[in-house]
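Let's take a walk through this model, one piece at a time. Have the sequence and the 3D view open as you read.

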Amino acid sequence: MSFSLNNYLEELRPLINLDCGTLTVDGIEVVASIMAQKYLDLGWDVKRIDCGIAGTGLEVRNKPQADHIDVMLIGHMDTVFPVGTAAARPMTHDNERAYGPGVSDMKSGLLSVVYALRDLDSTTLDTLSICVCMNPDEEIGSLHSESWLKSVAINAKHVLVAEAARADGSLVKARKGMARYRLSFHGKAAHAGNEPQNGRSAITEMAHWILAINTMTDFESGTTLNAGVVSGGAGANIVPDFAEVVVDVRFWDNDEYAAVDAKIRALTETPFVDGVVITAEREAHKPSMTPSPQTKVLMAQIETVGKELGIDITWQAVGGGSDANLTAVLGIPTLDGLGPIGAGFHSEDEWLDLASIEPRIRLLQQVLVKIAQ
């Protein structure tokens, strides 16, 4: 493979210089069309998947008739950034790094998968049934693509996710699970001066809940709850009849999370303030990803390939979730962080390490060769 960094960056640029935050479906559509064309040029089968309000997903296969998938590769097309970001800070680069919205999370990962497959030797391509899935809504927990991704993954033997490698070059072997709840409190309004005793304060109820939720955090086991957004009330002179809190939960242990979920649901039955009605809506959920014995076999294969290529393979367990969580819980050996090195995700400091691009493409290629053998 004769790799040209300039060509790679020119291919990357149009993927960065457009707004494609989750649910910005026009931008997602452009990304999908650009990526689809790259695979059509390779002669692969490209299927567009309707992901509802999130827009288009892509399911790309080299052997569409095969009933099994040897390797499923996953990447997402959305970013977290609002409309206007691409115009405000389009892609730039110096001698060491590229910058821009989504440059490492994860447009470079999407592009590196194409580069790895473009130049994969024909024997490996003939041997392997490969499926590349690109979804439009990972940044909001893959709410609209989860069922599709899982329906593909159940036929897969291995899953590799091309999110960025960590700043120190580590790949990702484990990710925390996450859940998000919207808790709504319905009380009764009253005049705060004339008849406060006739009101039922939704905000007082919410305050009790926030304290109760905080007691469920266990820093030692890694189960943490964060009341991150609160709202409620219409005026200081009115007993508030409505309040709402959005709670983020992170966990390593899926059973421990199940206990937290049960506690939250039980609490809705016993309000702290008599007469307040509580609804708990779980808006997102990803189970935790922890390595199974089969995953450890895949890790060893990647370490072997790393040695052959002179790349020191290290592993991290990280707090953020990805689509790897969805497939790992199905029992499929899943590893993540197979994109180039980057950091500063979800911020204006996001960067991509230029020197890591070619080695990580080669790593991904050789992992596919190893699986084929």
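**A pair of helices, a sheet and some salt bridges**

Start with helix α2 (residues 25-41) and helix α4 (residues 103-118), whose axes come within 11 Å and cross at roughly 10°. That angle is under 35 degrees, so α2 counts as roughly parallel to α4. On the α2 side, the contact is made by V31, M35, K38 and Y39. Helix α4 brings K107, L110, L111, V113, V114, L117 and R118 to that contact. Keep in mind as you look around that this is a predicted model.

Now move along the chain to the sheet. Which strands build it, and in what order? Four strands form an open sheet, in the order β11-β13-β9-β14, with antiparallel pairing. At the edges stand β11 (224-232) and β14 (277-286); each has a single partner strand, so one side of each is left without a neighbour in the sheet. On average, neighbouring strands here are turned by 15° against each other, direction ignored.

Zoom in on one of those edges. Strand β11 pairs with β13 (residues 242-251) in the antiparallel sense, over 8 bridges. If you want a spot to check by eye, find V229: its bridge partner in β13 is V246.

Two helices lie across this sheet. Helix α7 (residues 202-214) lies across β9 (177-186), β11, β13 and β14, and runs at about 10° to β13. Helix α8 (residues 254-267) also lies across β9, β11, β13 and β14, running at about 160° to β14. Angles over 145 degrees count as roughly antiparallel, so with its 160° helix α8 is roughly antiparallel to β14.

There's a database label for this part of the chain, too. UniProt, in an unreviewed entry, lists residues 174-272 as "domain: Peptidase M20 dimerisation". Over that range the chain is 27% helix and 35% strand, and the end C-alpha atoms are 38 Å apart.

Next, the charged side chains. How many salt bridges does a search of the whole structure find? The count is 17. Among the residues involved, R180, R182, E244 and E283 are linked in a network of salt bridges.

Other salt bridges sit within single helices. In helix α1 (residues 5-16), R13 and E10 are 3 residues apart, which separates them by about one helical turn. Their side chains meet in a salt bridge at 3.2 Å, N to O. R13 is partly exposed, with a relative accessible area of 23%, and E10 is partly exposed as well, at 49%.

Back in helix α8, the side chains of D261 and R265 meet in a salt bridge at 3.1 Å, N to O. These two are 4 residues apart, so about one helical turn lies between them. Is D261 buried or exposed? With a relative accessible area of 14%, D261 is buried, because the cut-off for buried is under 20%. Its partner R265, at 34%, counts as partly exposed.

Finish in helix α11 (residues 357-372), where R362 and E358 are 4 residues apart, again separated by about one helical turn. Their side chains meet in a salt bridge at 2.8 Å, N to O. Both count as partly exposed: R362 has a relative accessibility of 28%, and E358 has 24%.

Definitions and conventions. Residues are numbered from 1 along each chain as its sequence is written. This is a predicted model: local features need pLDDT of at least 70, side-chain atom pairs count only at pLDDT 80 or more; totals for chains, interfaces and linings use all residues. Side-chain values use heavy atoms; hydrogens and water are left out. Two strands pair if DSSP finds at least two bridges between them. Axes are lines fitted to C-alpha atoms, for helices over the stretch in contact, and angles run from 0 to 180 degrees between N-to-C directions. Contact means heavy atoms within 4.5 Å. UniProt positions are given in the numbering used here, feature names are shortened, and annotations may be inferred rather than shown by experiment. A salt bridge is a side-chain nitrogen of Lys or Arg within 4 Å of a carboxyl oxygen of Asp or Glu. Buried means under 20% relative accessible area, exposed over 50%, partly exposed in between (1.4 Å probe, protein chains only). Angles under 35 degrees count as roughly parallel, over 145 as roughly antiparallel, 65 to 115 as roughly perpendicular and the rest as oblique.
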